[in-house]
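Open the model in your viewer and keep the selection tool handy. We will go stop by stop, with something to select at each one.

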Amino acid sequence: MKVLVGVKRVIDANVKARVKSDGTGVETANVKMAMNPFCEIATEQAVRMKEAGSVTEIIAASCGPAANVETLRTALAMGADRGVHVQTDAELQPLAIAKLLKSVAEKEQVQLVILGKQAIDNDFNQTGQMLAALLGWSQATFASAIEVAGEWLKVTREVDGGLEHVEVKLPAVVTADLRLNEPRYASLPNIMKAKKKPIDTLTPDALGVDVTPRLKTLKVSEPPARKAGIKVESVAQLVDKLKNEAQVI
Amino acid sequence: MSILFLVEHDNESLKSVTLRVASAAAKVAAVAGGEVHALVAGSNCAGAAAAAAKIAGVSKVLKADAPALAGNLAENVAPLIAKLAANYTHVVAASTTVGKNILPRAAALSDSQPISEVMGIEAADIFVRPIYAGNALARVQSSDAKKFMTIRGTAFEAAAADGGSATIEDVAPAGDAGLSKYIGSELTKSARPELTAARVIISGGRGMQSGDNFVMLERVADKLNAAVGASRAAVDAGFVPNDYQVGQTGKVVAPELYIAVGISGAIQHLAGMKDSKVIVAINKDEEAPIFQVADYGLVADLFKAVPELEVELDKALQQK
């Protein structure tokens, strides 16, 4: 079966985001960017399924500006076969991305879409669920294990109380949680090979998708800072402070 | 037009987060107008519907009772919500794994862009939500006719579980879409309070070195009636199950007292606990970022400090 993975370019997970002084957003100029960690897990999953023989071709898709090609190259270096870049400088919100990915999934006639469960920049956690709705497909979110069983997938999901087991009919959308796998580092030869793999460029217009944002960001601000605390010298002093100063025990 | 919220339940009784969702829905109603209605979707869920009818501020409970609604399968619940949404301006659910799984699917069926993890309600169309692991707060305005939102439970007080007398109305459930099957759950059994509802939490990180060492934290937890949590590093290392994880993509908590033991304090972990009232950090590395958010920091070897803490707590609690 053919698989589509979505990959998003975000501020590197190890960089602390800084709010712009004019309150219009978060500083991204001269900030290290990387593939969203959950998208790495999604890509790794597709590659492992191909290595196991249940997947025949992996198409990586990314929606956004020209720089997203870098993120697609990372996916190709990890093992995706080819890329689709939906190029636009417009702000894209999850509903718009779900519509774009729907067109790509239909165009490419894939049987499975694997996405990260959320992007670590806007923390929406929506795109996979909305894509499944628009396609009328089944969904298995927050996956920590996936097994192909004929026309169905057996999926273990990470839920608030522990783990949940579901079976979803193919075609399906799966979103990856942290424990699904540990993504590989691309080897140098694979990074070189990835430069030769094809990337198609499309636009929202060509796909007939209206990407107008539904949410307008009025202001982005820093959360209230915690006031600096103190260091205590001993456990006894700690317990005394908790009891008599903070009065929480 | 009114506000509809999704009740989380086990068919018999309500999950505690539901009371917080109810109070958020009431806040929306206060600025947008209309009544607050609750949707109980499940299988043999009359008990949960009766409990929802007692929540203060709820005027109507819609009960959708069908075998296909067991197990909270999004493929079956979302179409029901999307259909009911015709009569509502806002649809509200919790930012739990249930709410986050179902609500965006229902929103997409209604061509609406949902708003996740709402922490503040400023107007019928203006909401505050965290982005970048809570390192920034975004104030957003929705232009959608119907607003779908998940709320962050810790940002809203719980509504009173008693005092309401809503009518219960049966609604025709959508059938089984035939796309998915709920097979079963492996839920962590614990006599301790739930992480998201606990007054005190003690969490362990990579510094705990093994799952067996979490027994030390459990002993302290027993003294304080606390829940036990963990950082991602401790879950990834297999020390404890995934449902212990506190952080950006795990559970967001805001207890009265949060004790972080052997946790360095990655931004992703801080995102899940920095709204706690009092934070204690115990770590042998005095440079650990966790100390920047801690009210009380103790630079010490946790294997000495935690057993000592157990003894000192005993003394302090006896003096009460």
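## Stop 1: where the two chains meet

Colour by chain and begin at the contact: chain B and chain A bury about 7,100 Å² between them, with carbon and sulfur atoms giving 55% of that area. Keep in mind throughout that this is a predicted model. The size of an interface is often given as the accessible area lost when the parts come together. In terms of residues, the contact takes 85 from chain B and 78 from chain A.

Now select Gln113(B), Tyr132(B) and Tyr296(B). In chain B, these residues lose the most area to chain A, and together they make up 11% of what that side buries.

How many salt bridges are there between chain B and chain A? The count is 6. To see one of them, show the side chains of Arg214(A) and Asp111(B): their closest N and O atoms are 2.9 Å apart.

## Stop 2: a sheet with strands from both chains

Next, select residues 215-221 of chain A, which form β12, and residues 120-123 of chain B, which form β6. They are the edge strands of an open sheet, and each pairs on one side only. Which order do the 4 strands follow? Reading across, you meet β12(A), β8(B), β7(B) and β6(B), with antiparallel pairing. On average, neighbouring strands here are turned by 30 degrees against each other, direction ignored.

Zoom in on the β6(B) edge. There, β6(B) pairs with β7(B), residues 126-131, in the antiparallel sense over 3 bridges. Pick Ile121(B) and look across to Phe127(B), its bridge partner in β7(B).

## Stop 3: a covered strand in chain B

Move on to residues 36-42 of chain B, which make up strand β2. Are its residues mostly covered or uncovered? Mostly covered: 7 of the 7 are buried.

In a regular strand the side chains alternate between the two faces of the sheet. Colour the two faces of β2(B) separately: Val36(B), Ala38(B), Val40(B) and Gly42(B) lie on one side, with His37(B), Leu39(B) and Ala41(B) on the other, and all are buried.

Add β1(B), residues 2-6, which runs parallel to β2(B) and is joined to it by 4 bridges. Phe5(B) has Ala38(B) as its bridge partner in β2(B). Between β1(B) and β2(B), the chain passes through helix α1(B), residues 17-32, in a right-handed β-α-β crossover.

Then add β3(B), residues 60-65, which pairs with β2(B) in the parallel sense over 6 bridges. Here Val40(B) stands opposite Lys63(B). The chain goes from β2(B) to β3(B) by way of helix α2(B), residues 46-53, and this β-α-β crossover is right-handed too.

## Stop 4: two buried residues

Centre on Ala38(B) in strand β2 of chain B. Its relative accessible area is 0%, so Ala38(B) counts as buried. Beyond residues up to four places away in sequence, Ala38(B) touches Leu4(B), Phe5(B), Val7(B), Val58(B), Lys60(B), Val61(B) and Leu62(B). Val58(B) is 20 residues away along the chain, yet the two C-alpha atoms are separated by 6.9 Å.

Finish at Arg152(B), in the loop between β9(B), residues 147-151, and β10(B), residues 167-170. Why is Arg152(B) counted as buried? Because its relative accessibility is 10%, and buried means under 20%. Show what surrounds Arg152(B): leaving aside neighbours within four places in sequence, its contacts include Ser95(B), Glu117(B), Met119(B) and Val252(B).

Note on methods
Residues are numbered from 1 along each chain as its sequence is written. Chains are lettered from A and ligands numbered from 1 in the order in which they are written. This is a predicted model: local features need pLDDT of at least 70, side-chain atom pairs count only at pLDDT 80 or more; totals for chains, interfaces and linings use all residues. Side-chain values use heavy atoms; hydrogens and water are left out. Two strands pair if DSSP finds at least two bridges between them. Axes are lines fitted to C-alpha atoms, for helices over the stretch in contact, and angles run from 0 to 180 degrees between N-to-C directions. Buried means under 20% relative accessible area, exposed over 50%, partly exposed in between (1.4 Å probe, protein chains only). A crossover is right-handed if, with the strands pointing away from the viewer, the path from the first strand over the helix to the second runs clockwise. Contact means heavy atoms within 4.5 Å. Buried area is the accessible area (1.4 Å probe) that two parts lose on being put together, summed over both. A salt bridge is a side-chain nitrogen of Lys or Arg within 4 Å of a carboxyl oxygen of Asp or Glu.
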